[in-house]
Amino acid sequence: MSNPFDPILANSKFREHLSKLSTSIEETGGWPTESWQAMCESGVPDWFLPEEFCGNPQSEMTKQFGYLELAAACLTTTFILTQRNAAVSRILNSDNQELKNRLSRELARNESFATVGISHLTTSRQHVKDPILKATPTNGGWLLNGEIPWTTGAEAAEVIVTGGVQPDGLQVLLALPTNLMGVEINPAPKLLALNESCTTSVSLKNVEVPKDMRLIGPCENVLAAGTAGGVTTSALALGAAQKSICGLETEAEKRPNLRDSATELRTTLDRLKESVRKMTTSSDTSPSAEEREALRKQSNSLVLRAAQAWLTASKGAGFLAGHPASRAVREAQFFLVWSCPQNVMAAALAEFACVSISSS
Ligand SMILES: Cc1cc2nc3c(=O)[nH]c(=O)nc-3n(C[C@H](O)[C@H](O)[C@H](O)COP(=O)(O)OP(=O)(O)OC[C@H]3O[C@@H](n4cnc5c(N)ncnc54)[C@H](O)[C@@H]3O)c2cc1C
């Protein structure tokens, strides 16, 4: 049987290159042109497209372990890849064959970059009464008004996959060309970490989106239609944890008193990687929402603890802004807010407050 990790192992040189670039992108700031170009040239983005669109599809396990290893090399560039792939998967799920064919081919050839701005339909602004992005049907398509609160790589994107709410309450998912009149990509605000992902909001004023850019809907809960949902957020958290654990292990080589902590964290990482392996190899069933949620809670906990352990071992030197341990601590916080469902949030809060909750 061929080793399912082959495509990842074959990319070890690329991972080293990405890791080197990762050090410099935070200093340079702005969109990470070089590391994103390297990502495209590595062929990894092709793993997420079918052969009919010139892709090079890989198993779910290879894709998730690929994410994990790449996140350990450069979290920012790998995160950008996940947002591009989230757009790709929505496009592939579309029943609009013509649009699907055109966009998928352009994406496969890296002729264009697509990203998602869909959090306002899932985890962002859910407490606000009025939808923040309204889509009014017109004879020619939809008129968009409002805001996309979060879009990674908006300034680099030709297309943003986004969703609006119609006056009848139904949602529609659209491929929004960023060059349409009325689309304003706001300057990226300064973040705690991952600034080079150039994540920002997009304002939309009377934007006329033609009918032929419709991806899915109008329907209720448009994001539930045909989506895989998966272990990606956990895979990235485990990759970031792995980087911290490797850092701690390097410190422990010279300091035996650090070894027990390093061993314990490594054991947890291995156990969670085994969970990812099991969840992505089961041939007949995809992992349940409960399984995915349990993995996410534990991966979030591990990435935070591993980064703090590395910082503790690195002492004051690790507290310097340019030290990789201090960056790991900042980057670990990202998993507390990125695509974080209510139950995962509750588990984190319970852990911080040292209280037990029955579902955790
Ligand atoms: C670096 C980064 C990159 C991201 N990239 C993308 C992307 O590419 N695409 C995408 O779709 N999403 C993206 N997201 C969005 C992300 O997945 C989450 O949706 C987002 O972090 C949710 O945070 P929010 O502040 O929008 O949440 P909100 O729930 O809107 O909270 C905003 C504020 O409202 C208040 N509030 C919250 N709930 C309540 C309540 N019940 N009652 C009263 N007040 C309340 C709080 O003060 C809170 O600070 C990104 C996020 C980050 C941080």
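Trainee: Which residues come nearest to the ligand?

Mentor: A residue is near a molecule if one of its heavy atoms lies within 4 Å of it. Here 19 residues surround the ligand, and Ser119, Thr123, Ser124, Arg125 and Trp150 come nearest. This is a predicted model, in which local features need pLDDT of at least 70, side-chain atom pairs count only at pLDDT 80 or more, and totals for chains, interfaces and linings use all residues. Residues are numbered from 1 along each chain as its sequence is written, and side-chain values use heavy atoms, with hydrogens and water left out.

Trainee: Which backbone atoms lie close to oxygen atoms of the ligand, and at what distances?

Mentor: A polar contact is a pair of N or O atoms within 3.5 Å; within protein, one must be able to donate a hydrogen and the other to accept it, and residues adjacent in sequence count only if both atoms are side-chain atoms. A backbone N or O atom of Arg125 is 2.7 Å from a ligand oxygen. For Ile118 the distance from such a backbone atom to a ligand oxygen is 2.8 Å, and for Ser339 it is 3.0 Å. On its own the ligand has 970 Å² of accessible area, of which the protein covers 62% (Shrake-Rupley method, 1.4 Å probe).

Trainee: How do the residues of the shell divide by type?

Mentor: Ala, Val, Leu, Ile, Met, Phe, Trp, Tyr, Cys and Pro count as nonpolar, Asp, Glu, Lys and Arg as charged, and the others, Gly among them, as polar. The shell around the ligand has 8 nonpolar, 10 polar and 1 charged.

Trainee: Where does the ligand lie with respect to the domains?

Mentor: Domain bounds come from an automatic or database domain assignment. The ligand lies between domain 2 (114-223) and domain 3 (232-352), because both give residues to its shell.

Trainee: Why does the length of helix α7 agree with its number of residues?

Mentor: Helices are DSSP runs (H or I, at least four residues), numbered from the N terminus. The expected span is 1.5 Å times one less than the number of residues. Helix α7 (residues 232-254) has 23 residues and should span 33 Å, and its end C-alpha atoms are 35 Å apart, which agrees.

Trainee: Is Thr280 buried or exposed?

Mentor: Buried means under 20% relative accessible area, exposed over 50%, partly exposed in between (1.4 Å probe, protein chains only). Thr280, in helix α8, counts as buried at 13%. Its side chain reaches the backbone oxygen of Val276 at 2.7 Å. Arg266, also found in helix α8, is partly exposed at 22%.

Key: Helix = DSSP H or I, 4+ residues; strand = E, 2+ residues; numbered from the N terminus.
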